[in-house]
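User: Could you take a close look at one part of this protein for me, and then place that part in the wider fold? I would enjoy a connected walk-through rather than a list.

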Amino acid sequence: QWLSYQQVLDRAEYLGSGLLYKGCKPSSDQFIGIFAQNRPEWIISELACYTYSMVVVPLYDTLGAEAIVYIVNKADISTVICDKPEKAESILEIYKQGKMPQLKTIILMDLFDDSLKEKGVTLGIEILHFQAVEALGRENYSKPIPPKPDDLCVVCFTSGTTGNPKGALLTHGNVVSNTAAFLKVIEVSCNVFLTVVRRVGFFQGDIKLLVDDMKALKPTIFPVVPRVLNRIYDKVKPLTQTRFKRLLLNVAVNRKLAEVKQGIIRNNSIWDKLIFSKFQQVTGGKLNLILTGAAPISPSILMFFRGVFGCHIVEAYGQTECTAGCTVTMPGDWNAGYVGPPLPCNIIKLEDVPEMNYFASDNTGEVCIKGTNVFKGYLKDPEKTAEALDNDGWLHTGDIGKWMPNNTLKIIDRKKNIFKLSQGEYIAPEKIENVYTRGPSVAQVFVHGDSLQSFLVGIVVPDEETLPALAENLGVKGSFEDLCKNSYFFHQVKYIYLHSELFTVENGLLTPTLKSRRTDLVKCFRSQIDALYASDM
């Protein structure tokens, strides 16, 4: 079911008018929390806020209850728009404990029972249905009060790998400049540019049905994190067990890549019809552009999918503090292993990091960004703001970059999570983790160090699909959990502990962008880490 642009605009104005009628102010001091999965009502809520100069503060259940309490209080949010009654229930329970005293109103997208409304009344919280607020706005309509470019647009709390989340302050100018810059880069592909102004589809809400949704929607643009592409790749490779199938796939990929190097991007070649069409149908078969980011992707996997999908695949780099991206590879660039040149909205410089032996004179150093997409600081946190933004307006990313001969940027290391061992050696654990995860039998790894210790220890989650085969070749038997406990697999590296359960967002060990929550991982594996260090005594 599709909503026209006019329908969306009308509903946004009605919802915004309804919020004003219920006491919200058309001001960049008015923060509205949105606690929902991606769905049309999320966008309508967002546009309602922007239409009347209010500020959106997204809330995520993946951050955990404590983080939601922290954000609501930090941003002084009195109105929260929820998708499901269960989330409203959880908010009421938190409110009941006296943890969010300023909360006044909950607006629910889905239908709910009268009992929930009565519970809210008992606690002093007004619970309204989304469409009821729209109806109020239709009856008490207010003309739009649009924001100015420098007005606050969204407070985007970063998930944070350590400590409490930080609220990045992004203006309308930040968002528009970053979006315009990206469109400027991809307009070299005319078909892709035309699709941008068409339609946006939402999944059903169940990640297990995502493939069904894509087959029905047939998207032309697919933003995706590398982890998803890695999983697709892992499913494709076992299909080429025989030497003949492996040879045929390699020939097909190489033939397609030969075309890509000539600037030919298509999915209707003889190789597509014979081999790749079944893979392309997984995403609906209409892709023009795949955009990947949020984490590094293996160059070999990127090149493989350029052949398989027969569409532009670009890799972006950035962070919340620069709105989204600051570099992106050019459509049609068939190389891999770097993240492209700077976007037109920002400039980039590399700054010396002498303790890690990186110097700008060698074209290496910390990536620093300056431009119209760079945020204004963190909400009510001048100390963290000063750490990220210097006096000249440069955003210090904490990532180590290298300028390539073709003037593109390559991310080679990480500065933010470095620590010093007892002998004075600086360690970047994420760099080591990236090396370990290249092994086919390693699903996840967490490397930990202590300034009082002279060596590193690690928690490794083996790959459940490949470990049994490896064990069989070595003559070791048992269940996956038994194999993880078997000393055979780590007797030569006594400072590694094998764990059988994946780190996930749900168990609090990964951020929503699938980065390790380092502080939480240390807490979770404190006893194992202590035991590993004790084993050296």
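Analyst: Happy to. One term is needed before we start: two residues are in contact when heavy atoms of theirs lie within 4.5 Å. Please also keep in mind that this is a predicted model.

Let us begin with D399, which is found in strand β14. Leaving aside residues up to four places away in sequence, D399 touches Y317, Q319, G365, E366, V367, I411, D413 and R414. One of these neighbours, Y317, also meets D399 through a polar contact between the two side chains, at 2.7 Å. Is D399 buried or exposed? Its relative accessibility is 10%, and since the cut-off for buried is under 20%, D399 counts as buried.

The strand that holds D399 covers residues 395–403 and has β13 as an antiparallel partner, with five bridges between the two. Within this pairing, G365 of the neighbouring strand stands opposite G401 in β14. G365 is also among the residues that D399 touches.

Strand β13 itself runs over residues 364–371. How many of its eight residues are buried? Six are, and the strand is mostly covered. A general point is handy when you look along it: in a regular strand the side chains alternate between the two faces of the sheet. Besides β14, strand β13 also pairs with β12 (residues 346–351), again in the antiparallel sense, and here there are six bridges. One bridge in β13 puts I369 opposite I348 as its partner. Strand β13 is thus paired with β12 and with β14.

Now for a spot elsewhere in the chain. F182 has its place in helix α7, which spans residues 172–186. At 21% relative accessibility, F182 counts as partly exposed, whereas D399, at 10%, counts as buried. Beyond residues up to four places away in sequence, F182 touches L289, L291, V328 and L343. How far apart are F182 and V328 in sequence and in space? They are separated by 146 residues along the chain, and their C-alpha atoms are 7.9 Å apart.

That pair leads on to the contacts of the whole chain. Taking contacts between residues at least 6 apart in sequence, 62% join residues that are at least 24 apart.

Charged pairs add another layer to the picture, and a search of the whole structure finds twelve salt bridges. One of them joins K119 and E89, whose closest N and O atoms are 3.0 Å apart. This pair links distant parts of the chain, with K119 in helix α5 (residues 114–123) and E89 in helix α4 (residues 85–96), 30 residues apart. Both ends are partly exposed: K119 has a relative accessible area of 25%, and E89 has 32%.

A second salt bridge is formed by the side chains of K256 and D272, at 2.8 Å from N to O. K256 lies in helix α11 (residues 243–261) and D272 in helix α12 (residues 270–280), so this pair ties together parts that are 16 residues apart in sequence. Here both partners are buried, K256 with a relative accessible area of 3% and D272 with 1%.

A third salt bridge sits within one helix. The side chains of R526 and D530 meet at 3.2 Å, N to O. Why are they separated by about one helical turn? Because they are four residues apart in helix α19 (residues 526–534). R526 is partly exposed at 33% relative accessible area, and so is D530 at 39%. Elsewhere, salt bridges that share partners join R39, E41 and D110 into one network.

Finally, the wider fold. The secondary structure of the protein chain comes to 19 helices and 20 strands. What radius of gyration does the chain have? The value is 25 Å, which agrees with the figure near 24 Å for a compact globule of 537 residues. Along its principal axes, the C-alpha trace spans about 70 × 60 × 50 Å. Of the 537 residues, 45% count as buried, D399 being one of the residues in that class. The chain exposes about 27000 Å², and carbon and sulfur atoms supply 54% of that area.

Notes. Residues are numbered from 1 along each chain as its sequence is written. This is a predicted model: local features need pLDDT of at least 70, side-chain atom pairs count only at pLDDT 80 or more; totals for chains, interfaces and linings use all residues. Side-chain values use heavy atoms; hydrogens and water are left out. Buried means under 20% relative accessible area, exposed over 50%, partly exposed in between (1.4 Å probe, protein chains only). Two strands pair if DSSP finds at least two bridges between them. A polar contact is a pair of N or O atoms within 3.5 Å; within protein, one must be able to donate a hydrogen and the other to accept it, and residues adjacent in sequence count only if both atoms are side-chain atoms. The radius of gyration is taken over C-alpha atoms; the globule rule is 2.2 Å times the number of residues to the power 0.38. Accessible areas come from the Shrake-Rupley method with a 1.4 Å probe; for residues, only the protein chains shown count as cover. A salt bridge is a side-chain nitrogen of Lys or Arg within 4 Å of a carboxyl oxygen of Asp or Glu.
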